[in-house]
Amino acid sequence: MGQDHIRYDILAQDALRGVIRKVLTEVAATGRLPGDHHFFITFLTGAPGVRISQALKAKYAEQMTIVVQHQFWDLKVTESQFEVGLSFSDTPEKLVIPFNAIRGFYDPSVNFELEFDVPLVEESDMSAEITAYPVSTAEKADGSDEEKLEGEKKEGSVVSLDAFRKKH
């Protein structure tokens, strides 16, 4: 096989992140989510450009999952990142998340999921190659997604997107 001088892997990754960018841009423009849509976004907390409070960084040293659903504010989207206001245990926080730091995006209302193979690495070594895999599941998750997320958070662990898929 020949060498990929075009770098399709990078082009595909950028295109899939563009889906997230476009969806968040539309939500920012209207200030609300359409229908029952809501998003679970998993990102690396130590990635370059990520800005979260020291308290969140201490609790989620490697990665965390946020839910953009009923209570969010000041959603702003640029070409390379988004920022959003969310509440954590009744404490308002502003998060800045570059699209390159995202490991997963999941909209359980339509079972749409994107997973990015972003390795957990030190902040100074984010140059590793990244591969994106679109994933679509046929069945909805059981129970309330928010309840599952809260249950995971209470135990101090990071929520895996697999927790919201029905096992066959």
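Three aromatic pairs are counted in this predicted model. In one of them, Phe 40 and Tyr 106 form a tilted pair, with 6.2 Å from centre to centre and 40° between the planes. Because Phe 40 lies in strand β1 and Tyr 106 in strand β6, this pair ties together parts that are 66 residues apart in sequence.

**Aromatic pairs**

- Both Phe 40 and Tyr 106 are buried, and the description of their pair follows a general habit, as given in the next point.
- A pair of aromatic rings is described by two values, the distance of the centres and the angle of the planes.
- Phe 82 and Phe 99 also form a tilted aromatic pair, for which the centre-to-centre value is 5.8 Å and the angle between the planes is 40°.
- Since Phe 82 belongs to strand β4 and Phe 99 to the loop between β5 and β6, the pair ties together parts that are 17 residues apart in sequence.
- Phe 82 and Phe 99 are both buried.

**Strand β6 and its partners**

- Strand β6, which covers residues 102-107, is mostly covered, with five of its six residues buried.
- On strand β1 (residues 39-44), four bridges lead to β6, and the two strands run antiparallel; within this pairing, Ile 41 has Phe 105 of β6 as its bridge partner.
- Strand β7 (residues 112-117) also pairs with β6 in the antiparallel sense, over four bridges, and here Gly 104 stands opposite Glu 115 of β7.
- β6 and β7 form a hairpin with four residues between them, and in the turn Asn 111 has a positive phi of about 55°.

**The sheet β3-β4-β5**

- An open sheet is formed by three strands in the order β3-β4-β5, and their pairing is antiparallel.
- The strands β3 (73-77) and β5 (91-98) stand at the edges and each has a single partner strand, so one side of each is left without a neighbour in the sheet.
- On average, neighbouring strands of this sheet are turned by 20° against each other, when direction is ignored.
- Strand β4 (residues 81-88) is joined to β5 by eight bridges, and the two run antiparallel; one bridge partner found in β5 is Val 96, which belongs to Glu 83.
- Helix α1, made of residues 8-30, lies across β3 and β4 and runs at about 135° to β3.

**Asn 100 in its loop**

- Asn 100 is placed in the loop between β5 and β6, and because its relative accessibility is 45%, it counts as partly exposed.
- Leaving aside residues up to four places away in sequence, Asn 100 touches Gln 13, Arg 17 and Val 118.
- The C-alpha atoms of Asn 100 and Leu 44 are separated by 9.1 Å, although these residues are 56 residues apart along the chain.

**The whole chain and its confidence**

- The protein chain has three helices and eight strands, and 39% of its 168 residues count as buried.
- Among contacts between residues at least 6 apart in sequence, 56% join residues at least 24 apart.
- The accessible surface of the chain comes to about 9700 Å², and 51% of this belongs to carbon and sulfur atoms.
- The mean pLDDT of the chain is 78, and 71% of its residues reach 70 or more.
- Over residues 123-168 pLDDT stays under 50, and for this stretch the model has 92 contacts beyond four places in sequence.
- Where pLDDT is low, the predicted coordinates should not be read in detail.

Terms used. Residues numbered from 1 in each chain as written. Predicted model: local features only at pLDDT ≥ 70, side-chain atom pairs only at ≥ 80, totals over all residues. Heavy atoms only, no water. Buried < 20%, exposed > 50% of the residue type's maximum accessible area, 1.4 Å probe, protein only. Pairing = 2+ DSSP bridges. Axes fitted to C-alpha atoms, helices over the stretch in contact; angles between N-to-C directions. Contact = heavy atoms within 4.5 Å. pLDDT = per-residue confidence, 0-100. Areas by Shrake-Rupley, 256 points an atom, 1.4 Å probe, with all protein chains shown as cover. Phe/Tyr/Trp six-rings, centres within 6.5 Å; stacked < 30°, edge-to-face > 60°.
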